[in-house]
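Visitor: I've got a fold in front of me and a few things I'd like to pick apart. Could you walk me through them?

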Amino acid sequence: MSEQSGSGTGHGTPPIQIGLLGLGVVGSGAYKVLTDNADAIEQKVGAPVVVKKIAVRNLNKERLVSVDRSLLTDNPDEVLDDPDIAIVCELIGGVHPAKEFVLKALRNGKSVVSANKELIAKDGHDAMVEAAQRNLDFMFEGSVGGGIPIIQAMKSALAGNAIHEVKGIVNGTTNYILTRMTREGAELADVLRDAQAKGYAEADPTNDVEGFDAQYKIAILSSIAFTSRVQPSDVYTEGIMRIGAHDIEHAREMGYVVKLLAIGQRVGDDAVQVRVHPALVPASHPLASTSGPYNAILVRGDAVGDVMFYGQGAGMLATGSAVVGDIIEVCRNLRHHATGRIACTCFEHRRALPMDTVVTRYYVRMYVTDRPGTLAAIAGVFGRHQVSIESVRATAADRAEAIWVTHRVQEANMRRALKELGSLPEVYSVENWLRVEE
Ligand code: HSE
């Protein structure tokens with residue numbers, strides 16, 4: 001096969017040299033994939049792809065992969081300033097100093113691969129502008145969905161579509177917790193403690209359980225899907241901490257499962273609605289069967305219809321796969337002097353609509369008096385705020401439990417109804433309310 005075809009043996013062709021910043025879980029995965037599959041990668045690229053230098057914070061730390069110590073340095077400039085290194089992989093996470101490293105690499109003429117969702121969601125635009133000015137690549141497949149190839153898919157294979165919706169389960173930790181609560185009937189705090197002991201949840205799980213991890217990811221996915229920048233601050237975000245075993249049990253009895261969903265929707269030509277929150281999903285929906293630490297993302301395009309992506313949302317080799325996919329793409333571009341082909345795709349401006357404008361269905365669980373007229377009084381409040389009831393189930397007890405499911409209604413109306421219900425004499429307490437998504 002000729003070199004112009006994009007592949008070849010690569011024998012005799014000078015290697016493309018890579019520098020890694022970080023050798024944690026993702027860095028180790030990328031290094032392992034690059035070295036284990038080096039021969040095939042050389043064939044696919046048409047040149048050997050070799051790691052020349054790896055900058056780490058602590059030279060003496062035990063590593064997940066065996067790496068020749070001579071590759072390691074604790075000085076990031078040995079990667080960023082090395083003229084032989086063509087591609088820098090930023091795999092350290094966090095905004096600072098990752099951002100400064102990425103910008104320096106680009107200013108030094110190197111293409112960059114990153115798996116840093118927080119940096120890309122908050123400040124990715126700066127790096128994209130810098131890369132575009134220099135015709136360099138800035139790629140970040142590993143930032144969303146671990147090994148799931150969603151970003152390159154939306155930027156290339158699905159580029160012919162107007163995408164109307166991107167939604168899914170993009171946080172493995174919370175999906176693992178909710179899956180176990182569903183299977184075991186357990187309370188969240190108990191499952192979380194056990195997940196931390198087993199290494200499925202971080203010692204400080206805030207980013208995952210409060211929804212920030214999913215917020216960054218849906219901001220990135222929505223920016224690409226809707227060709228308009230969505231900032232994390234545009235994303236309405238609720239985590240899973242207020243989900244009780246009780247809610248999951250009621251959901252199950254009604255044919256639903258509770259999932260933490262990340263949802264981006266295009267509204268008309270000039271707006272988007274982007275949100276992260278727990279929701280009841282019909283048990284028959286493909287997202288409902290996404291269990292444990294897995295992720296699933298559904299993209300709705302005007303031409304393609306629905307496309308679903310499913311896979312491991314985290315992990316050393318899965319995320320390493322995504323990072324190496326980007327490295328190979330950059331290497332191919334380098335071989336053909338074509339880096340910078342795909343610049344920032346946020347070329348439109350769509351405003352982010354507030355959560356109050358969302359129209360969906362709701363589940364409400366409350367304790368109420370067990371007297372004639374109670375349900376009618378509550379239904380009256382819902383009715384005054386245009387909240388139409390689809391179903392109600394109530395237990396008989398001094399403190400009766402009532403579970404309401406509504407038809408579709410605007411969130412602003414629902415919140416007004418809930419506020420009024422809070423002071424209705426027939427209602428002891430509104431225990432929880434959740435959105436119900438189709
Ligand atoms: N903390 C993330 C999750 C994995 O639980 O899905 C890294 O993005």
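Guide: Sure, here are some questions and answers on this predicted model.

Visitor: Which residues does the side chain of Glu141 reach through their backbone nitrogen, and at what distances?

Guide: Glu141 sits in the loop between strand 6 (138-139) and helix 6 (151-157). A polar atom of its side chain lies 2.9 Å from the backbone nitrogen of Ile150. The other one is the backbone nitrogen of Ile151, at 2.8 Å.

Visitor: What is the nearest side chain of opposite charge to Glu141, and how far away is it?

Guide: Glu141 is buried yet has no salt bridge. A salt bridge needs the nitrogen and the carboxyl oxygen within 4 Å. The nearest side chain of opposite charge is Lys155, and its distance is 9.2 Å.

Visitor: On to the ligand. How much of its area does the protein bury?

Guide: The shell around the ligand includes Lys117, Asn171 and Lys217. Polar side-chain atoms lie 2.8 Å from a ligand oxygen for Lys117, 3.3 Å for Asn171 and 2.8 Å for Lys217. Taken alone, the ligand exposes 260 Å², and the share buried by the protein is 79%.

Visitor: Which helices each supply at least two residues of the shell around the ligand?

Guide: Gly172, Thr173, Asp213 and Lys217 are among the surrounding residues. The helices you're after are helix 7 (172-184) and helix 10 (212-225).

Visitor: How far apart in sequence are the parts that Glu130 and Arg107 tie together?

Guide: Glu130 and Arg107 form a salt bridge, with their closest N and O atoms 3.2 Å apart. Glu130 lies in helix 5 (residues 117-133) and Arg107 in helix 4 (residues 98-107), so the bridge ties together parts whose separation in sequence is 23 residues.

Visitor: Now the salt bridge between Arg365 and Asp247: is Asp247 buried or exposed, and what is its relative accessible area?

Guide: The closest N and O atoms of Arg365 and Asp247 are 2.7 Å apart. Arg365 is in strand 14 (residues 359-369) and Asp247 in helix 11 (residues 245-253), so the pair joins parts 118 residues apart in sequence. Arg365 counts as buried at 7% relative accessibility. The cut-off for buried is under 20%, so Asp247 is buried too, with a relative accessible area of 1%.

Visitor: Helix 11 also holds Glu253. Which residue meets Glu253 in a salt bridge?

Guide: The N to O distance in this bridge is 2.5 Å. Glu253 counts as partly exposed, at 43% relative accessibility. Its partner lies 140 residues apart from it, in strand 15 (residues 389-394), and is Arg393.

Methods:
Residues are numbered from 1 along each chain as its sequence is written. This is a predicted model: local features need pLDDT of at least 70, side-chain atom pairs count only at pLDDT 80 or more; totals for chains, interfaces and linings use all residues. Side-chain values use heavy atoms; hydrogens and water are left out. Helices (H or I, at least four residues) and strands (E, at least two) are DSSP runs, numbered from the N terminus. Buried means under 20% relative accessible area, exposed over 50%, partly exposed in between (1.4 Å probe, protein chains only). Lys and Arg count as positive and Asp and Glu as negative; His and the chain ends are not counted. A polar contact is a pair of N or O atoms within 3.5 Å; within protein, one must be able to donate a hydrogen and the other to accept it, and residues adjacent in sequence count only if both atoms are side-chain atoms. A residue is near a molecule or strand if one of its heavy atoms lies within 4 Å of it. Accessible areas come from the Shrake-Rupley method with a 1.4 Å probe; for residues, only the protein chains shown count as cover.
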